Structure formats: structure tokens, C-alpha cells
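Q: Could you walk me through this model before I take it back to the bench? I'll ask as we go along.

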Amino acid sequence: MGTGTIATEHMVAAIRSAGHEPLWVVSRNQEYAKFFSEDMQIPNRSVEAKRALQDPHVGFVYVSAIRERRKHYISTAAAARKHVLCDGPISNSSRIARNLVDQCRSAGVILALNQPFRASTLHQTMRRLLIEGEIGRLQSLLVVRGAPFHPNRRAGEMPKRSDILVDMSVDNIDLARFLTGQEPEEVSAYSAAPSGIEANQASYTIGMTGGAIFQAYESFTTAEIESVVMLAGDQGALIAHGTLNGKGSGTLVRRINGRNELIPVRERDVQVTTIEGFLSLARQPSVWMSLGDDNVAALRTAEAIAEARKKRRVVAA
């Protein structure tokens with residue numbers, strides 16, 4: 001449901017690689033649905049979600065629509081008792097997201113997020129090594145992401161930069177919760193934008209429940225820089241480079257006793273991994289898939305960041 005860039009470039013192929021076949025394209029724009037179905041060789045198309053969901057051969061729904069349309073598609077899929085995999089965030093607000101999660105739970109439907117950062121083998125390895133005590137007790141987490149502003153969207157669906165910063169924050173908060181196993185507790189934030197000017201970059205600090213400090217820098221005013229994800233412990237550090245820009249698997253280094261050790265990790269296709277992980281949720285729980293509740297928590301923290309930035313003081317997450 002939806003004909004976004006992620007679906008076009010990644011997810012249709014991933015669904016097929018996982019042994020399934022897309023049957024329907026749903027879009028509120030009949031022309032978009034037509035072109036997408038022809039380009040992706042999907043047999044059926046409709047502007048009505050209910051029509052596709054009435055097909056008994058449809059086993060699950062993938063939602064790739066713009067953020068404002070995700071609520072409608074998720075609610076309709078829940079009413080039809082179809083499991084949902086959705087690009088994140090699932091809504092503009094944590095309150096609406098919570099309602100969607102409750103609808104899916106009441107219907108006995110899985111609501112999961114397409115979250116490539118969790119699907120990354122490098123990030124999963126970082127989490128495992130932290131749990132195994134390879135860097136001692138966690139002290140802090142650092143995330144740095146920077147790139148020019150050039151979203152690959154249709155002109156009529158061009159997002160605001162502030163919306164993209166929110167998306168980035170939600171993704172980074174979700175990654176922080178996954179890596180650390182800790183929950184956001186309090187937030188302080190700064191945005192480098194004069195009053196009335198749309199923000200292009202932001203930084204924030206989050207105190208986590210286990211005592212770790214999470215710091216992030218996100219920007220659309222820089223030339224593209226290699227992303228950094230660092231877990232710093234009292235005995236060493238794990239540092240992932242280039243894992244957040246979607247242009248390769250990146251590298252993972254362990255810093256111990258003044259030496260850098262490259263950790264060899266065989267990266268998998270994150271989209272195929274996501275589809276396979278989503279499909280297995282009906283049989284067994286996952287330790288890494290991002291679910292609706294995770295997205296609610298990340299959205300709630302992103303809202304706290306916006307409040308802290310506006311009030312210029314620390315607020316509860």
C-alpha cells in the first residue's frame with residue numbers, strides 16, 4: 001500500500017527474494033498505481049485498500065505510503081485481520097500510533113516496522129558483544145548522521161526538512177533502545193535554526209534508564225559524512241562506520257587497550273532480512289524486529305526532544 005521510493009527500490013524485490021509474490025498495488029492516485037504495477041510487474045491495482053484486502057490470497061500488507069496515509073492503511077488492514085509491515089514512523093504522533101497499536105492488538109494482528117538499522121548484522125553484532133561484556137559496563141552511545149537535503153520523492157509528496165529530521169530522530173532513538181536495552185528517561189536538545197526558520201540540523205542528549213548517556217547529531221546542512229554509531233564502555237568501545245546512510249554495510253571496530261580491532265561481519269541484505277524476520281513473527285518472537293510498541297516509544301521520545309528544544313530545558317522522555 002503506497003508506491004514510495006523504498007518499495008520501488010528495495011521491498012518488492014525483497015518480498016520476492018523471501019519467496020512471496022506481491023499481488024496488489026494500492027494507491028490513492030490511480031496513475032501512480034498503474035505505473036507502479038506495470039513497472040514492478042504486479043498483477044492487480046486499486047485505489048481502495050478494502051478491495052485488495054478482500055482477496056483471500058493476500059497474506060500480509062506492506063505499507064509504504066507517505067506518513068499521513070499510514071494510519072488509514074494500518075487501520076484498514078487491522079479490520080481485515082491482515083498482518084502489517086510498515087515503513088516508519090507509523091504516524092505523526094505517539095498518541096495516534098498508540099491507537100493503531102491497540103487496534104492491531106485487539107484484532108490479533110502483528111504490526112511491525114521496516115527498520116533497516118535493526119536488521120543490520122553490524123548493529124546486531126554490537127548489541128551481542130555489549131551483552132557479552134566485551135566493552136564492560138556501557139557508559140554512552142553516540143550517533144552521528146549528516147547528508148545534503150535531496151529526498152527522492154515526487155514533487156507533490158516532497159517532505160519538509162523538519163519532518164525528515166523527525167524521521168531521523170525516531171530511527172536513531174529506536175536504534176539506541178535496541179542496542180542498549182535501556183529506555184529514554186530525560187531529554188535535552190538544541191536546534192541550530194533562527195526563529196521562524198525550518199531546522200536543518202539538530203543535536204540532543206538523552207539520559208537512559210540504565211545510566212548510559214545517548215548523544216545524537218543529525219544534519220542536512222553538511223556534505224555527506226560517514227555515519228558513526230559508537231557504544232562506549234568502561235573497558236572499551238564498539239564503533240560502526242557507514243551503517244546509517246544506506247550506501248553499504250559499513251565497518252565495525254572494537255577499541256580495546258589502545259588498539260583498534262576490525263571485527264569481520266558478513267552483512268546480509270537488510271530488506272530481505274526484514275521480510276524474513278517479519279514473516280517468522282507469527283511463529284516465534286524476535287529479539288530484533290521493531291514492533292508497534294517500539295515505534296510508540298520512539299515517537300514519544302522524539303516529541304520530548306521537540307519540547308526540550310522549544311522550552312530550552314531538560315524534560316522527561
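A: First, a term: a helix here is a DSSP run of H or I with at least four residues, a strand is a run of E with at least two, and both are numbered from the N terminus. In those terms, Gln 41 lies in the loop between α2 (30-40) and β2 (44-46). Please keep in mind throughout that this is a predicted model.

Q: What's the phi of Gln 41, and is the residue buried or exposed?
A: Gln 41 has a positive phi of about 55 degrees, although it is not a glycine, and it is exposed, with a relative accessible area of 65%. As background, most residues other than glycine have a negative phi.

Q: And what about Arg 312, what is its phi and where does it lie?
A: Arg 312 also has a positive phi, near 55 degrees, in a residue other than glycine, and it lies in the loop between α10 and β15. At 68% relative accessibility, Arg 312 counts as exposed.

Q: Which residues does the cis peptide bond join?
A: The cis bond joins Gly 88 and Pro 89, with omega at about -5 degrees, and Pro 89 is found in the loop between β4 and α5.

Q: OK, how confident is the prediction, and where is confidence lowest?
A: The protein averages a pLDDT of 91, and 93% of the residues score at least 70. Confidence is lowest in helix α8 (residues 161-180), at a mean of 89, and highest in helix α5 (residues 94-106), at 98. Where pLDDT is low, the predicted coordinates should not be read in detail.

Q: Now the sheets. What's the strand order in the one with nine strands?
A: That open sheet runs β13-β12-β11-β10-β6-β9-β8-β7-β15, with mixed pairing. Its edges are β13 (259-262) and β15 (315-316), and because each has a single partner strand, one side of each is left without a neighbour in the sheet.

Q: Which helices pack on it?
A: Helix α7 (residues 121-131) does, touching β6 (138-146), β10 (225-233), β11 (237-241) and β12 (251-256), with its direction making about 25 degrees with that of β12. Helix α10 (residues 292-311) also packs on the sheet, where it touches β7, β8 and β15, and its direction makes about 50 degrees with that of β7.

Q: How does β6 pair with β10 and β9, parallel or antiparallel?
A: With β10 the pairing is antiparallel, over seven bridges, and the bridge partner of Leu 138 in β10 is Gly 233. With strand β9 (residues 213-219), β6 runs parallel and is joined by seven bridges; there, Gly 146 stands opposite Ser 219.

Q: And the sheet of four strands, what order is that?
A: The order is β3-β4-β5-β14, again an open sheet with mixed pairing. Here β3 (60-63) and β14 (290-291) stand at the edges, each with a single partner strand, so one side of each is left without a neighbour in the sheet. Between β3 and strand β4 (residues 83-87) there are four bridges in the parallel sense, and Tyr 62 stands opposite Leu 85 in β4. Helix α9 (residues 270-280) lies across β3, β4 and β5 (111-114), running at about 150 degrees to β4.

Q: Switching to the interior: which residues touch the most other members of the largest nonpolar core?
A: Of the 85 residues in that core, they are Ile 90, Phe 214, Val 229 and Leu 231. The largest share of the core, seven residues, comes from α10. Leaving aside its neighbours within four places in sequence, Val 229 has contacts that include His 123, Met 126, Leu 175 and Leu 238.

Q: What does Ser 94 touch?
A: Not counting residues up to four places away in sequence, Ser 94 touches Val 296, Leu 299, Arg 300 and Glu 303. Ser 94 lies in helix α5 and, at 12% relative accessibility, counts as buried.

Q: Last one, how many disulfides, and why is Cys 86 not bonded to Cys 104?
A: With a cut-off of 2.5 Å between cysteine sulfur atoms, the count comes to zero disulfides. The sulfur of Cys 86 is 9.5 Å from its closest cysteine sulfur, the one in Cys 104, and that is too far for a bond. Both residues are buried, Cys 86 with a relative accessible area of 0% and Cys 104 with 1%.

Conventions
Residues are numbered from 1 along each chain as its sequence is written. This is a predicted model: local features need pLDDT of at least 70, side-chain atom pairs count only at pLDDT 80 or more; totals for chains, interfaces and linings use all residues. Side-chain values use heavy atoms; hydrogens and water are left out. Two strands pair if DSSP finds at least two bridges between them. Contact means heavy atoms within 4.5 Å. Axes are lines fitted to C-alpha atoms, for helices over the stretch in contact, and angles run from 0 to 180 degrees between N-to-C directions. pLDDT is the predictor's confidence in each residue, from 0 to 100. Buried means under 20% relative accessible area, exposed over 50%, partly exposed in between (1.4 Å probe, protein chains only). A nonpolar core is a set of buried Ala, Val, Leu, Ile, Met, Phe, Trp, Tyr and Cys residues joined through side-chain atoms within 4.5 Å.
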